[in-house]
Amino acid sequence: MSMNPFCEIALEEALRLKESGRASEVVAVSIGPAQCAETLRTGLAMGADRAIHVEYPGTLYPLSVAKILRAIVDAEKPGLVILGKQAIDDDCNQTGQMIAGLLKWPQGTFASKVVLDEENKVATVDREVDGGLETLCLDLPAVITTDLRLNQPRYATLPNIMKAKSKVIKKVTPQDLNVQIRSDLEVVQVTEPPKRKAGVILSSVDELIDKLKNEAHVI
């Protein structure tokens, strides 16, 4: 199971913060079936110090994921939670915002640049908006979700991949974290968009004008 690209960017940013001396430890977390262990080993090979696998075989929606991550935050007491802005399967873009709401922490979403000021305990986040860039100053601890232009994730080296295979991944369940999983959403229907008609090749401008006027009725 491959890592969600946005979460890979989040992990890379966490590793860079540690390498610059602004973080003391990087803990990677994944929630899902047994295959998630492969993703966590990739994170360990990239440089994460520890990994936590919350085992759950069923379907998870953003609110349930946020509740599980809040429970882990309560146990681990991190100074910063950084995660991808969205998953690439459901594209919900909700988990980071929900975690911040549950924790009552400030949040910076769609981050394209992150600067930590340890002395003043704040994070400055440049985030991409429709009109350009917006700069936020967040009191720590905070939640940050990452966008594509934040960084370019590193490749795990072969020696680190081999070392990661022997590292212990902590396994817990939602029940261990006192989180009750329930479905807050129901998928009623999934349909394909209507099929488009095949295109045609026209032989002249006059024929194009005729079709636009008499068939498409746009002129």
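User: Why is the pair of D49 and K18 called a salt bridge?
Analyst: The closest N and O atoms of D49 and K18 are 2.4 Å apart, and a salt bridge is defined as a side-chain nitrogen of Lys or Arg within 4 Å of a carboxyl oxygen of Asp or Glu, so this pair counts as one. The two residues sit in distant parts of the chain, 31 residues apart, with D49 in the loop between helix 2 (36-46) and strand 2 (50-55) and K18 in helix 1 (residues 5-19). Helices (H or I, at least four residues) and strands (E, at least two) are DSSP runs, numbered from the N terminus. This is a predicted model, in which local features need pLDDT of at least 70 and side-chain atom pairs count only at pLDDT 80 or more, while totals for chains, interfaces and linings use all residues. Residues are numbered from 1 along each chain as its sequence is written, and side-chain values use heavy atoms, with hydrogens and water left out.

User: What makes D49 partly exposed?
Analyst: The relative accessible area of D49 is 32%, and the classes are buried for under 20%, exposed for over 50% and partly exposed in between (1.4 Å probe, protein chains only), so D49 falls in the class in between. Its partner K18, with 28%, is partly exposed by the same rule.

User: How do you know that R50 forms a salt bridge with E25?
Analyst: Here the closest N and O atoms are 2.8 Å apart, which is within the limit for a salt bridge. Because R50 lies in strand 2 and E25 in the loop between helix 1 and strand 1 (27-32), the pair ties together parts that are 25 residues apart in sequence. R50 is partly exposed at 30% relative accessible area, and E25 is partly exposed at 40%.

User: What makes R149 and E128 a salt bridge?
Analyst: The closest N and O atoms of R149 and E128 are 2.7 Å apart, again within the limit. R149 belongs to the loop between strand 7 (142-146) and helix 5 (158-165) and E128 to strand 5 (residues 122-129), so the pair ties together parts that are 21 residues apart in sequence. R149 counts as exposed at 56% relative accessibility, whereas E128 counts as partly exposed at 22%.

User: How many salt bridges does the structure hold, and which residues are linked in a network?
Analyst: The structure holds 10 salt bridges, and E12, R16, E19 and R154 are linked in a network of them.

User: Why is the group of V205, I209, V218 and I219 called a nonpolar surface patch?
Analyst: Nonpolar patches are made of residues with over 30% relative accessible area and no salt bridge, whose side chains (Val, Leu, Ile, Met, Phe, Trp, Tyr) are joined within 5 Å. V205, I209, V218 and I219 make such a patch of about 390 Å², an area that comes from the Shrake-Rupley method with a 1.4 Å probe. V218 has a relative accessible area of 56% and I219 one of 58%, so both values are over 30%, and both residues count as exposed. V218 lies in the segment after helix 6 (205-214), and I219 is in that segment as well. The C-alpha atoms of I219 and I209, which are 10 residues apart along the chain, are separated by 8.2 Å.

User: What makes the space lined by L63, S64, K67, Q180, I181, R182 and D184 a cavity?
Analyst: A cavity is a set of points on a 1 Å grid over the protein atoms alone where a 1.4 Å probe fits but cannot get out, and lining residues have an atom within 4 Å of a point. The structure holds one cavity of 30 Å³ or more, with about 30 Å³ of space in it. The lining has two nonpolar, two polar and three charged residues.

User: What is special about the phi values of K104 and N178?
Analyst: Phi of K104 is near 60°, a positive value in a residue other than glycine, and N178 has such a phi near 60° too. K104 is found in the loop between helix 4 (95-103) and strand 4 (107-117), and N178 in the loop between strand 8 (170-172) and helix 6. With 74% relative accessibility, which is over 50%, K104 counts as exposed, and N178 is exposed at 74%.

User: Which residues does a cis peptide bond join?
Analyst: A cis peptide bond, with omega about 5°, joins L140 and P141, and P141 is found in the loop between strand 6 (132-139) and strand 7.

Methods:
Patches are made of residues with over 30% relative accessible area and no salt bridge: like charges are joined within 9 Å, nonpolar side chains (Val, Leu, Ile, Met, Phe, Trp, Tyr) within 5 Å. On a 1 Å grid over the protein atoms alone, a cavity is a set of points where a 1.4 Å probe fits but cannot get out, and a pocket is an open set with protein on both sides within 12 Å along at least five of seven lines; lining residues have an atom within 4 Å of a point. Grid points are joined across faces, edges and corners, and a volume is the space filled by probe spheres set on the points. Ala, Val, Leu, Ile, Met, Phe, Trp, Tyr, Cys and Pro count as nonpolar, Asp, Glu, Lys and Arg as charged, and the others, Gly among them, as polar.
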